Amino acid sequence: MVADRIFKDGAALSFRWQWARDPTGKTCGELQQLQDRLQSFLFAGGASDSWTWILQGNGIFTTQALTTLVNERNRIPVHVEIDKRGVDLDSVRCPMCNNDSETVEHATLTCPFAKDLWSRIFHWWNGGTPQYSNLEDMFQGKTCPSNTNASKLWQATEWVTGYMLWRIRNLKVFEGKMWNAPMVLSEIQAKSFLWITSRSENLHLDWNTWLLHPSTFDDHG
Ligand SMILES: [Zn+2]
């Protein structure tokens, strides 16, 4: 057991490893890093070492259980969904606005941050105001601009926007970084352009058209 190798040495922990062969070179540095990290861990005595799978009540990982989780309708692990699965969270509030429960719909559509971003996207596309009432509306492209040549580009924009909303949310949660909406819009414009032009080499879409009037794009014109 790991706990058998660890001894209290004043306030710090010291380690007595038993090696078949003593570590040398780069491995010594890695071992030191590991030991430094272990200083802040609390080791419970008595029980055997084990891994715990936190998304299952019994703590046991099975690929079957993982597949079921992934196939569930709300696959995005927003706070409300994680809470339902029994993971103990301080709060189910949205990390972006701290003002409402974080559901999938909230995170991608109704959060003030998401709403502001969608308004900017629609404004960029010269398409009025967002009318999404749920996620299906978005993924089915129900709010396509009238020009059918541009509708595929619009769908790509919607998907990249959904992806970026999720990414920005995770940067806030895991790294404490907050992006403002104009920065996110620029990133979406660049990412979606790159995505579209690298997937369709025969598409004559140039950067200026994309930035200034994407909804008028017509490949045959
Ligand atoms: Zn929110």
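**Helical packing and local backbone features of the predicted chain**

In the predicted model, Ser215 lies in the segment that comes after helix H9 (207–212). Ser215 counts as partly exposed, because its C-beta atom has 18 neighbours inside 10 Å, and its C-alpha atom is separated by 8.0 Å from that of Ser151, although the two residues are 64 residues apart along the chain.

The secondary structure of the chain amounts to nine helices and two strands, which follow one another along the sequence in the pattern β-β-α-α-α-α-α-α-α-α-α. Of the 221 residues, 15% count as buried, and among contacts between residues at least 6 apart in sequence, 48% join residues at least 24 apart. The mean pLDDT of the chain is 79, with 75% of the residues reaching 70 or more. Among the elements, H5 has the highest mean pLDDT, at 93, whereas helix H2 (residues 63–71) has the lowest, at 62. Where pLDDT is low, the predicted coordinates should not be read in detail.

The two strands, E1 (residues 6–9) and E2 (residues 12–15), pair in the antiparallel sense over four bridges. Together E1 and E2 form a hairpin with two residues between them, and in the turn Gly10 has a positive phi of about 70°. Two of the bridge pairs can be named: Asp9 has Ala12 of E2 as its partner, and Lys8 is partnered by Leu13, also in E2.

Helix H5 (112–124) has 13 residues, and the distance from its first C-alpha to its last is 18 Å, close to the 18 Å expected at 1.5 Å a residue. The buried residues of H5 are Phe113, Ala114, Leu117, Trp118 and Ile121. These residues lie on the same side of H5, because they cover an arc of only 125° around the axis. An α-helix has 3.6 residues a turn, so residues three or four places apart point the same way. What covers the buried residues of H5 includes H4, H7 and H8.

The largest nonpolar core has 16 residues, of which Ala107, Cys111, Phe113, Ala114, Leu117 and Leu165 touch the most other members. At least two residues of this core are supplied by each of helix H4 (104–110), H5, H7 and helix H8 (181–199), and the contribution of H5, at five residues, is the most that any gives. In soluble globular proteins, nonpolar side chains tend to be buried together. The surroundings of one core member, Leu117, can be described by its contacts: when residues up to four places away in sequence are not counted, Leu117 touches Thr161, Leu165, Ala181, Val184 and Leu185.

For helix H7 (residues 151–175), the 25 residues should span 36 Å at 1.5 Å a residue, and the end C-alpha atoms are 35 Å apart, which agrees with that expectation. Buried positions in H7 comprise Leu153, Trp154, Thr157, Glu158, Val160, Thr161, Leu165, Ile168 and Arg169; polar and charged residues, including Thr157, Glu158 and Arg169, are thus listed together with nonpolar ones such as Leu153 and Leu165. Just after H7, Gly176 takes a positive phi of about 70°.

Positive phi values also appear outside glycine. Most residues other than glycine have a negative phi, and most peptide bonds are trans. In Asn126, which follows H5, phi is positive and near 60°, and in Asn98, likewise a residue other than glycine, phi is positive and near 55°. Asn98 is placed in the loop between helix H3 (79–84) and H4, where it counts as exposed because 9 C-beta neighbours lie inside 10 Å, a number within the limit of 12 or fewer that applies to exposed residues.

A further loop position is Gln131, which is found between H5 and helix H6 (135–139). With 11 C-beta neighbours inside 10 Å, Gln131 also counts as exposed. The C-alpha atoms of Gln131 and Trp118 are 9.8 Å apart in space, the two residues being 13 apart in sequence, and Trp118 belongs to the buried residues of H5.

Technical notes: Residues numbered from 1 in each chain as written. Predicted model: local features only at pLDDT ≥ 70, side-chain atom pairs only at ≥ 80, totals over all residues. Expected span 1.5 Å × (residues − 1). Buried ≥ 20, exposed ≤ 12 C-beta atoms within 10 Å, placed from the backbone. Core = buried A, V, L, I, M, F, W, Y, C linked by C-beta atoms within 7 Å. Contact = placed C-beta atoms within 7 Å. Pairing = 2+ DSSP bridges. Arc of directions from axis to C-beta. pLDDT = per-residue confidence, 0-100.
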